Every structure is written in structure tokens, then in C-alpha cells.
Amino acid sequence: MNAIPMSVTVNGEAHALTVPPHETLIECLRDRLGLLGVKKSCDVQVCGACTVLVDDRPVSACTVLAFEARGKHVRTIEGLAHGDDLHPVQEAFVEHGALQCGFCTPGMIMATVALLAENPSPTADEVKHYMRGNICRCTGYKRIVEAILAASERLATGPRTTDGG
Amino acid sequence: MAVDRLTVVGRSVPRLDAHDKVTGAARYVSDFILPGMAHAKLWRSPVPHARLLAVDGARAAAAPGVLAVCTADDLPVKRLAYGPAYKDQPILAREVVRYAGEPVVAVVADTPARADAALALIDVRYEELPAATNAEEAQAPGAPVIHTTLDRAGHFRDLDGLRPVAGTNVCQHYRYERGDLARAVAEADLVVDDVYRYPALSHHALEPHCAVARVDADGITVWSGTQHPFPVRKDLAEIFDVPLAHVQVVVPLIGGAFGGKCYTKIEPLAAALAARVRRPVRLALTLEESARTITRHSVVVRLRTAVRRDGTLLARECDVVLDTGAYADIGPRVATKAGSRAPGPYRIPCLRIDARCVYTNNVPAGAYRGYGVPQVTWASESQIDVIAERLGIDPFTLRERNLLKRGEEYVAGDTPLDGDMADGLGQAARAIGWGAPLTRNRGRGLACAMKDGGGTHAVSTAVVHINADGSVILLSGSVEVGQGARTALAQIAAETLGVPFEAVVVPAPDTSLTPYDHGTSASRSTTVMGLAVAAAAKDAREQLLALAAKLLDAPPSALTIREGKIAHGNRTLTLAEVISGHFGLVGGEVTGVGTFVPGEWSGSLGGATVFWETGMGAAEVEVDRETGEVHVRKYVSAADVGQAINPRECAAQDEGAAMQGIGPALFEARVGERGQLLNPGLIDYRVPTFADLPEALDSLLIENADGPGPFGAKGVGESGTFCAAPAIGNAVARAVGVRLTELPMTPERVWHALVSKGASP
Ligand code: FES
Ligand code: FES
């Protein structure tokens with residue numbers, strides 16, 4: 001099998017990589033680039049723990065091939081905060097207690113960033129509908145919905161400094 | 001210390017791990033990378049019961065990148081079997097496999113993909129044996145006896161008294177009897193007799209089991225997401241026949257556990273493989289493999305209850321059968337607890353309880369949030385409503401009349417009830433709008449339950465170091481599974497010491513550095529470890545005050561510590577000034593030690609209950625008569641936490657637990673056929689999603705500072721799972737008049753029940 005040369009931008013940094021055709025995006029991000037915030041759980045595109053953004057759209061990195069991100073911009077949880085300044089979604093998750101074990105959290109937060117880019121002021125029902133592909137086994141979801149609604153308000157009213165995508 | 005004077009405890013401070021968890025910096029075992037690390041994959045039995053004839057691993061061994069292909073006989077161990085109750089579970093199957101999915105051969109290779117690829121080259125010959133794939137089959141005459149000899153583990157005091165039934169598959173038979181059953185039944189105005197069923201469940205913590213092991217001249221080091229680092233260390237020491245000091249178990253953050261990571265699981269195999277290939281080995285299971293490692297017991301409960309016309313409970317006969325799978329794990333203790341809690345939190349003069357833990361050729365069943373209480377509560381609280389309906393008494397009134405009161409004993413000699421359950425149930429009932437009018441097809445239901453919390457004869461020790469700059473290191477063996485243990489314990493230490501919360505750091509448990517702790521289970525960390533932490537902090541505080549007294553030339557009793565400063569009148573010293581003042585240099589530290597040793601050997605469970613974890617639940621449902629679908633519109637969970645150390649995290653634990661109760665009430669279940677698990681992964685095993693969140697999900701924290709823990713705290717985290725299923729079932733019955741006795745209450749089951757009832761509104 002021939003390795004595929006590719007260029008990809010990950011969290012704003014350009015990479016020139018050579019990947020085997022069967023390498024998944026999660027393998028590429030975790031094992032090649034050391035982005036261990038991308039979490040693997042179900043490995044079959046059900047739980048959303050591995051959610052990252054490819055050109056601002058949420059994808060399950062466990063079931064996307066690395067070379068499919070060729071020429072694109074990938075954003076992971078590591079690329080969200082600006083130095084010590086958390087992204088408003090991250091802040092809301094902390095303030096609202098929207099995490100326990102935290103294993104679902106990176107994927108949850110990335111899916112939220114995508115949701116709020118598409119729909120800046122969702123209703124609770126729209127949040128539940130959009131986020132149904134992200135599973136959390138710990139929190140019972142209530143505080144995650146609250147955090148997402150709070151983040152949406154914060155993004156609408158606050159200075160939009162960090163959600164550039 | 002008066003509660004209104006508290007400055008750190010009782011406040012919803014941000015979790016210590018929150019920042020790392022939202023930035024992706026949090027590290028779990030599955031993120032561990034060691035230089036030269038190799039990867040293991042397992043060949044698992046495709047059949048539930050078989051004699052192993054031959055394993056041919058030659059082709060796999062020759063495959064690219066493969067370092068070793070190991071069967072049980074290739075493992076460099078002194079003993080093959082382990083287990084917390086019986087040493088009945090081999091690290092890899094030898095001679096016989098007892099469940100479909102049991103690991104038989106391990107392949108170690110330089111990459112996970114190469115190890116995986118080599119599995120297909122392994123050839124195992126076996127001869128199938130008759131299998132018992134549920135507890136009924138396993139108890140039938142002529143059933144295959146799955147273990148012919150049982151070797152007691154000897155790890156835990158309460159498990160010394162296990163009563164297996166020789167020559168059968170019953171590995172524990174718990175019995176309890178009081179009062180004259182025949183007389184009570186003769187005196188009763190009503191006797192209700194029902195059978196309830198609760199299916200096996202998968203924990204599905206999002207992080208599957210993972211262990212990384214290294215074996216070198218210094219000994220064995222295992223990084224694992226275990227809830228029991230010290231018991232795992234003991235197992236490893238026995239398996240490899242080395243002193244405890246040569247085994248180190250380190251537990252980073254854990255991506256959820258819910259009991260599924262209790263006791264020893266894959267750690268011995270990872271260590272044995274590392275010893276074999278002389279390289280660090282990572283054994284990371286898939287989520288499906290985790291579901292083939294451990295389950296929640298499926299339980300059948302037969303309940304016969306005798307009651308007087310006025311609703312007074314006279315007698316309860318409970319027959320509880322648990323399918324514990326092919327290896328006992330902690331099943332015998334789950335059976336004991338399920339049996340002992342089956343009657344419910346009521347004053348019942350006459351009891352007869354039989355609980356049997358039965359080996360079958362299924363995946364082993366063990367601990368799962370609530371230790372058998374959710375299963376028996378499904379039965380006992382459903383039946384309370386059946387009784388209420390038959391007698392025409394309001395279900396709340398019936399419960400209130402029979403609930404144990406504060407100070408009453410559940411079982412003679414055990415700790416009396418330390419809370420007011422009727423009050424808690426009343427709060428839940430009011431919050432759900434009990435008694436208010438409802439629209440058609442809606443109904444409300446209640447349930448309540450209790451469980452002995454804090455663990456059975458479980459010791460905890462903590463150490464507090466105050467560094468020369470006044471910062472604090474808290475060493476505690478409580479693992480962080482997401483419950484917020486590190487944060488709560490840091491709050492207890494900060495409050496007791498009189499330092500700001502931010503001054504305290506809580507490193508990951510490491511059995512070579514952290515003092516002994518029994519484990520993180522049974523909602524015990526805040527209460528039991530909390531007491532050890534408070535004692536350690538008090539010890540350190542007293543030492544500091546003694547040092548400061550000399551420097552300030554005042555008696556220690558005249559000094560105060562607040563916000564990290566020691567004051568006498570208007571003179572103050574920082575902790576750093578006290579420590580360097582005493583040692584005369586910038587170094588030095590003050591170290592406090594605290595230990596909790598549980599009370600006397602007594603009570604029905606072989607140890608005094610530390611505290612009673614009580615849960616009260618109230619549900620409002622709407623039933624779609626066309627489809628049988630049950631919608632939970634509102635759910636209220638009440639938890640008696642004594643004193644919330646961190647109210648936000650307490651409520652969050654309780655909400656999460658309630659959702660873990662709602663899942664099995666409505667749709668969660670493992671589906672098996674002839675010993676094959678048909679839904680191992682998340683594609684077919686449905687867990688609650690955002691879509692299942694009720695319109696209102698509320699947690700009420702009951703705080704009377706009446707717990708035995710620090711500042712009056714009691715444990716929390718399991719009780720939310722107790723009541724959801726029966727409260728929802730009771731609400732369905734009140735909404736549309738059909739009662740289900742088997743979980744989950746799927747649309748099909750509800751629809752069939754409606755149809756067979758005639759479906760008239
Ligand atoms: S790990 Fe990718 S969706 Fe579950
Ligand atoms: S916080 Fe544990 S899975 Fe969501």
C-alpha cells in the first residue's frame with residue numbers, strides 16, 4: 001500500500017505528512033501529532049468522543065481517514081484556547097459543571113463550537129437535537145445543555161475574540 | 001466548627017481537574033506512552049463453554065512485528081487465578097473456557113495493528129461443552145457445574161463468611177430470617193406475591209479498560225484506571241510472588257468507571273506480558289471488550305409481602321437470584337447486599353431472605369453503581385405501589401407509615417438509620433407535584449431506597465504535607481473517576497487547615513507513595529477518606545500551631561489559622577514563616593497523618609454500616625397509548641448528603657446517577673442468546689443520549705449535617721440510581737393502569753400490556 005503525501009493544517013499549524021491510506025484521522029492526530037485530547041471510545045462513530053472540526057464541520061475522527069483531511073484545516077480541543085484564555089464554550093463548561101470524568105468533554109466542546117457556529121442562539125431542544133451524537137455517561141446531560149446555552153449567550157453578547165474557527 | 005463559619009466546604013468551587021479536562025490536557029491511562037512500549041491484543045473464546053484442546057500460535061508468532069504469542073502456560077506467573085471473593089478467574093483461560101469472550105491467547109506486537117492482524121492467524125481447537133446461559137438453567141438438575149472447587153481469596157473480612165453450595169453453581173447463598181412468617185401471613189389481610197426481572201447491563205464508561213505495565217529490576221509498575229489500586233497491588237504481589245513493596249500501581253484520571261473498574265481486571269495480564277517480552281506493554285481494550293469483561297448482574301426477585309388492611313407491613317419474603325457469570329468477581333458481595341436490602345427501608349417485623357449468586361456461562365458480573373440495590377428496589381418499590389393500589393391507600397402515605405424513622409435499626413446491632421427518609425420522600429413528592437391534577441395518559445410515581453454506604457470494613461489513610469512555602473500536598477488513594485473526589489478532599493483539607501482551596505494539590509494515587517486506601521467505591525471517598533483527610537489535616541494543623549506558638553510566644557490554643565495565616569492578637573505569621581522559622585532555613589515541611597478504621601465487627605453484613613445512603617425519586621411520565629412509548633417529563637431525585645462539601649458536584653453526581661437509572665428503566669439492556677452477547681457495543685446497546693433528558697431533571701440535596709463524615713457529610717453518587725425504574729414504573733401504572741414487572745419498559749412491552757389489558761382508557 002502506498003503511503004499518501006498530504007499537507008494539512010492542524011490547529012493553525014501546517015504539517016506535511018505521509019500517511020498510509022488506511023490510517024484514521026484519530027490515529028494521525030493522536031499517534032503522529034501527539035494530540036491526546038482527541039479521545040477514542042466506541043471507535044464506530046456513535047459516541048462523539050473523538051469529534052474534531054475539519055474545515056469547521058464536526059467529524060468523528062475515529063471513522064474518517066487521515067488523507068481525507070488533505071489540504072484542510074483541522075481543529076482539535078488543543079486548538080481552542082488562546083494561551084491562558086479559555087474559549088467561551090470551555091469557560092461555560094467549567095462554570096456550569098458540565099463535566100465529570102471528562103472523557104466525553106473534548107468531543108462535546110468541539111461539537112458545541114460547531115453548533116454555535118451554525119446556530120448562534122439555539123433553543124434547548126435544538127441543542128439536544130444537534131448534540132444527540134455525543135454521548136456522556138456521567139453527567140446526565142442537564143449541565144451540558146445549560147453550559148451550551150450559557151456559551152451561546154456569552155458569544156452573542158461578549159467580544160468575539162476566540163471563535164475564529 | 002459551626003457550619004456557617006465554613007469558608008471552603010459547602011461552596012461550589014471549580015473542580016481541580018476542570019481546566020485540564022476542557023483544554024484536552026487531562027491525561028488518562030489510555031493516553032500513556034512509554035518508550036519501547038509494545039501492544040497486546042487478545043484472542044477471545046467464540047463459545048460459552050468448551051474444553052481447550054490445542055492452541056497453535058506458530059503462524060501468528062511469525063507475523064511481522066509480533067513479539068510473543070502467549071497462552072496461560074506461557075505467562076511467567078506463580079499463580080494463574082485471581083478474584084476478590086474466590087480465586088476462580090484465570091489470567092488467560094487454561095484447559096477450559098467458561099464464557100464467550102473469555103481471553104485465551106494474547107499477542108504482543110510492536111504496534112496495535114500488527115497485534116490485531118496476528119490474531120487472525122491463531123488456531124485454537126476446542127470441544128464445546130454444555131453451557132448454562134442463565135441462572136435458571138444453571139440451577140436446574142443436571143446443569144453443568146462451572147467451578148468444581150472454590151479457593152477463597154481471603155482479601156476481605158466480610159467475604160470470609162461466604163456460603164457456596166457444594167456441587168452446584170451457587171457461589172454464595174445469603175440467608176436472613178426473623179419473626180414467624182407463617183403467623184404473619186395468617187394474620188395478614190393481604191398477601192401479594194410477584195416476580196420482577198432486571199436485565200444485565202453494560203457499564204459503558206466511555207474510556208474502555210486500559211493498563212500499561214512495566215517490569216524491570218525495580219519491580220512491577222502498572223498504570224491502570226482501577227478503582228482499587230491497593231487491592232490490585234495485593235493481587236499482583238501474590239500472582240508474581242513478590243513483596244508488596246515491589247509492586248507499584250499508579251492511577252491517573254479515569255474516564256468513568258461506575259463499578260466496572262473495581263478490583264483486579266486486566267492488570268495481571270498486562271504485567272505478565274510485560275515480564276514475558278521484557279518491554280512495557282499496553283493492553284487497551286475496545287469498548288466491546290470492556291463489555292465482555294464485566295457486567296451488572298441480571299436479577300430475578302420473587303417477593304411475597306404480607307400486609308394489614310391499614311397498610312402496616314407484617315412480613316416480606318425475598319428470593320433473589322443473581323446471574324454472576326463465569327467468574328464470581330465481587331458478585332457474592334453484591335448478592336449479600338442485594339439480599340439484605342431487598343425488603344426496602346421499612347419497619348417489617350418478619351423477614352425471610354434468600355439471595356443466591358449463581359455461576360453461569362455468561363460474562364462475569366460485578367460491581368455497578370448501587371451494588372444490587374437498583375435491581376432489588378425495582379422489585380420492592382414496584383410492589384409497594386401494588387399493595388397501595390390493592391388497599392386503596394395513597395402510595396406516599398403507605399410508605400410514610402412504614403418507613404424507618406431516624407434512629408431506628410434496620411437490623412439489630414447495625415448502625416441505626418441516620419436520616420429522615422419520610423421527609424426526603426415528602427420533598428421529592430412535593431417537587432413532582434404529587435396530588436395535583438394531571439392530563440390524560442400522565443401519571444406520577446414515587447420510590448425510595450437505602451443502602452449501607454462507606455464500604456465494608458474498609459480502611460483509609462491520608463497524608464497532608466505542608467511545604468515550606470505554605471502550599472499543601474494531599475496524598476490520598478481515592479481515585480478520580482469523574483465524581484470529583486480530588487476536589488472534595490482538597491476542600492476538606494483546606495477547610496480543616498485554614499488555607500485557601502487554591503493552596504492544595506492532590507496528585508494521582510500511587511501505591512508506592514500514597515498511603516493505604518481500600519478503594520474508591522460504595523460512595524465512600526467523601527465520608528471515609530474524608531475523615532482520614534480531615535484527621536491528617538488536623539494533625540498537621542496542630543503541629544503548625546505548636547511551632548507557631550513557640551515563635552509567637554503564646555499557647556497554641558490562643559492561635560487561629562485563617563487564609564493561610566496564623567494569628568495571635570494582631571500579630572500574624574504566614575505558614576511559610578512558621579515553617580522556615582522553625583527549621584531555620586527555606587526547606588522543611590510539616591506532615592500530618594490521618595487514618596480511618598471502621599467500627600466493630602457487627603451487623604448482618606459483617607461490619608457496622610458507616611452511613612446510610614438513601615435515595616428518594618419521583619417521576620412524572622406520559623404514555624403514548626398508540627406506540628407504548630413512555631416519556632419521562634419530569635424526574636426529581638432527592639439525596640441525603642448530610643453536608644454537601646461541594647453542592648454543585650453533589651447535585652451533578654445525583655443527576656448523572658438518575659440518568660443511569662432512567663436508561664435501564666426504559667431501554668438499556670444487554671441482549672444475549674445461548675451465551676452470546678448480541679449487543680456488545682454502543683451501536684446496539686442504547687445508552688441515554690441528550691434526547692432522553694427529561695424536560696426537567698432536578699436533584700434535591702438534603703442537608704442536616706447529620707452524617708459521620710467530615711462536617712456532617714454522607715456519601716452520594718449511587719443513590720440516584722436506586723429509584724428511577726420503580727418510580728417510572730409506578731408512574732406508568734398510575735397513568736395507564738398497566739404494571740410491568742420486567743425491565744426495560746420498552747414501547748413493545750408497554751404496548752402489549754396495554755393491548756392485553758383491553759386498552760380502554
Ligand atoms: S470514538 Fe469516534 S465516535 Fe466514538
Ligand atoms: S463526563 Fe464522563 S462521559 Fe461525559
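**Close-ups of a predicted two-chain model**

**View 1. A:E95 and A:R154, a salt bridge inside chain A.** A:E95 is partly exposed, with a relative accessible area of 48%. This is a predicted model, as are the other views below. The side chain of A:E95 meets that of A:R154 in a salt bridge, with 2.9 Å from N to O. A:E95 sits in helix α2 of chain A and A:R154 in helix α5 of chain A, so the pair ties together parts that are 59 residues apart in sequence. As for A:R154, its relative accessibility is 25%, which counts as partly exposed.

**View 2. Where chain A touches chain B.** Here 43 residues of chain A are in contact with 52 residues of chain B. Putting the two chains together buries about 3800 Å², and carbon and sulfur atoms give 62% of that. Look for A:Q100, A:R137 and A:Y141: they supply 22% of the area that chain A buries against chain B, more than any other three residues. Across this interface the rule finds six salt bridges, along with 22 residue pairs in polar contact. On the chain A side, α2 (88-95), α3 (105-118) and α5 (142-157) are the elements that give two or more residues. By class, that side has 22 nonpolar, 11 polar and 10 charged residues.

**View 3. A:K142 and B:E655, a salt bridge between the chains.** Zoom in on the interface and you'll find A:K142 paired with B:E655, their closest N and O atoms 3.7 Å apart. The pair crosses from helix α5 of chain A to helix α16 (residues 647-666) of chain B. Both partners are tucked away: A:K142 is buried at 18% relative accessible area, and B:E655 is buried at 2%.

**View 4. Helix α1 of chain A and what covers it.** In α1 (residues 25-32), the buried residues are A:L25, A:I26, A:C28, A:L29 and A:R30. Their cover includes strands β1 (4-10), β2 (13-19), β3 (51-54), β4 (57-60) and β5 (73-75) of chain A. After the helix comes A:G34, with a positive phi near 70°.

**View 5. Domain 1 against domain 3 in chain B.** The domain assignment splits chain B into domain 1 (18-26 + 458-596), domain 2 (32-129 + 204-291) and domain 3 (295-455 + 602-757). The C-alpha centres of domains 1 and 3 lie 37 Å apart, and their contact takes 19 residues from domain 1 and 20 residues from domain 3. Between them about 1400 Å² is buried, 64% of it given by carbon and sulfur atoms. On the domain 1 side, B:A522, B:S523 and B:T527 lose the most area, together 37% of what that side buries. Don't hunt for salt bridges between these two domains: the count is zero. What the rule does find is seven residue pairs in polar contact. Helices α13 (485-497) and α14 (525-552) each supply at least two residues of the domain 1 side, which divides into eight nonpolar, nine polar and two charged residues.

**View 6. B:R356 and B:D319, a salt bridge between strands.** The closest N and O atoms of B:R356 and B:D319 are 3.1 Å apart. B:R356 belongs to strand β18 (residues 350-359) and B:D319 to strand β17 (residues 313-325), so the pair ties together parts of chain B that are 37 residues apart in sequence. Both count as partly exposed, B:R356 at 21% relative accessible area and B:D319 at 28%.

Key. Residues are numbered from 1 along each chain as its sequence is written. Chains are lettered from A and ligands numbered from 1 in the order in which they are written. This is a predicted model: local features need pLDDT of at least 70, side-chain atom pairs count only at pLDDT 80 or more; totals for chains, interfaces and linings use all residues. Side-chain values use heavy atoms; hydrogens and water are left out. Contact means heavy atoms within 4.5 Å. Buried area is the accessible area (1.4 Å probe) that two parts lose on being put together, summed over both. A salt bridge is a side-chain nitrogen of Lys or Arg within 4 Å of a carboxyl oxygen of Asp or Glu. A polar contact is a pair of N or O atoms within 3.5 Å; within protein, one must be able to donate a hydrogen and the other to accept it, and residues adjacent in sequence count only if both atoms are side-chain atoms. Helices (H or I, at least four residues) and strands (E, at least two) are DSSP runs, numbered from the N terminus. Ala, Val, Leu, Ile, Met, Phe, Trp, Tyr, Cys and Pro count as nonpolar, Asp, Glu, Lys and Arg as charged, and the others, Gly among them, as polar. Domain bounds come from an automatic or database domain assignment. Buried means under 20% relative accessible area, exposed over 50%, partly exposed in between (1.4 Å probe, protein chains only).
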